[in-house]
Amino acid sequence: KDNAPGEWYVPFVKMVAAEGIVNGFGDGTFGPGKTVQRDAGCKMITLALGLDTDMEYSYSDVPEDAWFAEYAGTCEYYGFFDEDDDTSTFKPEKLMTRNEVAGAIYAGMGGE
């Protein structure tokens, strides 16, 4: 309900929502102006690129029952956040920069 009609991003939001890549928030909003946290970014990139999920991971701050745990191993395997000084933790609530998003997409596509 917060996607303004006619905005450039609306068709893309509808497309990725239909694919299950994004869900938005429980109140029916998408938050198009919000910054993405690592947990959500990892999920979106993993699903958008069609990468395997439920891979093993060694992040010390990802409980097995966390909603994003099924994507954590993918992020670790592909090195989505390898530029971070501390790769032993996932830091799920850390906000992603555009650089991190681009790097994660590149890594997930097989880049080094």
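What follows is a chat about the empty spaces and two backbone angles in this predicted model.

Q: What sort of model is this, and which residues count for what?
A: The model is predicted: local features need pLDDT of at least 70, side-chain atom pairs count only at pLDDT 80 or more, and totals for chains, interfaces and linings use all residues. Numbering starts from 1 along each chain as its sequence is written, and side-chain values use heavy atoms, with hydrogens and water left out.

Q: Okay, pockets. How much space lies in the largest pocket?
A: About 1300 Å³. A pocket here is an open set of points on a 1 Å grid over the protein atoms alone, with protein on both sides within 12 Å along at least five of seven lines. The volume is the space filled by probe spheres set on the points, which are joined across faces, edges and corners.

Q: Which residues are closest to its centre?
A: Val22, Phe30, Lys34, Val36 and Met44, out of 33 that line the largest pocket, meaning they have an atom within 4 Å of a point.

Q: And which helix gives the most to that lining?
A: α2, with 7 residues. Helices are DSSP runs (H or I, at least four residues), numbered from the N terminus.

Q: How does the lining of the largest pocket divide by class?
A: Into 21 nonpolar, 8 polar and 4 charged residues. Ala, Val, Leu, Ile, Met, Phe, Trp, Tyr, Cys and Pro count as nonpolar, Asp, Glu, Lys and Arg as charged, and the others, Gly among them, as polar.

Q: What about the second largest pocket, how much space lies there?
A: About 220 Å³. Of its 16 lining residues, Gly79, Phe80, Asp82, Glu83 and Gly103 are the closest to the centre. α4 gives the most to this lining, 6 residues, and the classes come out as 6 nonpolar, 4 polar and 6 charged.

Q: How many cavities of 30 Å³ or more does the structure hold?
A: Just 1, with a volume of about 40 Å³. A cavity is a set of points where a 1.4 Å probe fits but cannot get out. Its lining includes Arg38, Tyr59 and Asp82, and by class has 3 nonpolar, 2 polar and 4 charged residues.

Q: Switching topic: what's the phi of Asp54?
A: Positive, about 60°, although Asp54 is not a glycine. Asp54 is in the loop between α2 (38-48) and α3 (69-78).

Q: Is Asp54 buried or exposed?
A: Exposed, at 60% relative accessible area. Buried means under 20%, exposed over 50%, and partly exposed in between, with a 1.4 Å probe and protein chains only.

Q: And Lys91, what's the phi there?
A: About 55°, also positive in a residue that is not a glycine. Lys91 sits in the loop between α3 and α4 (98-108) and is partly exposed, at 23%.

Conventions: Helix = DSSP H or I, 4+ residues; strand = E, 2+ residues; numbered from the N terminus.
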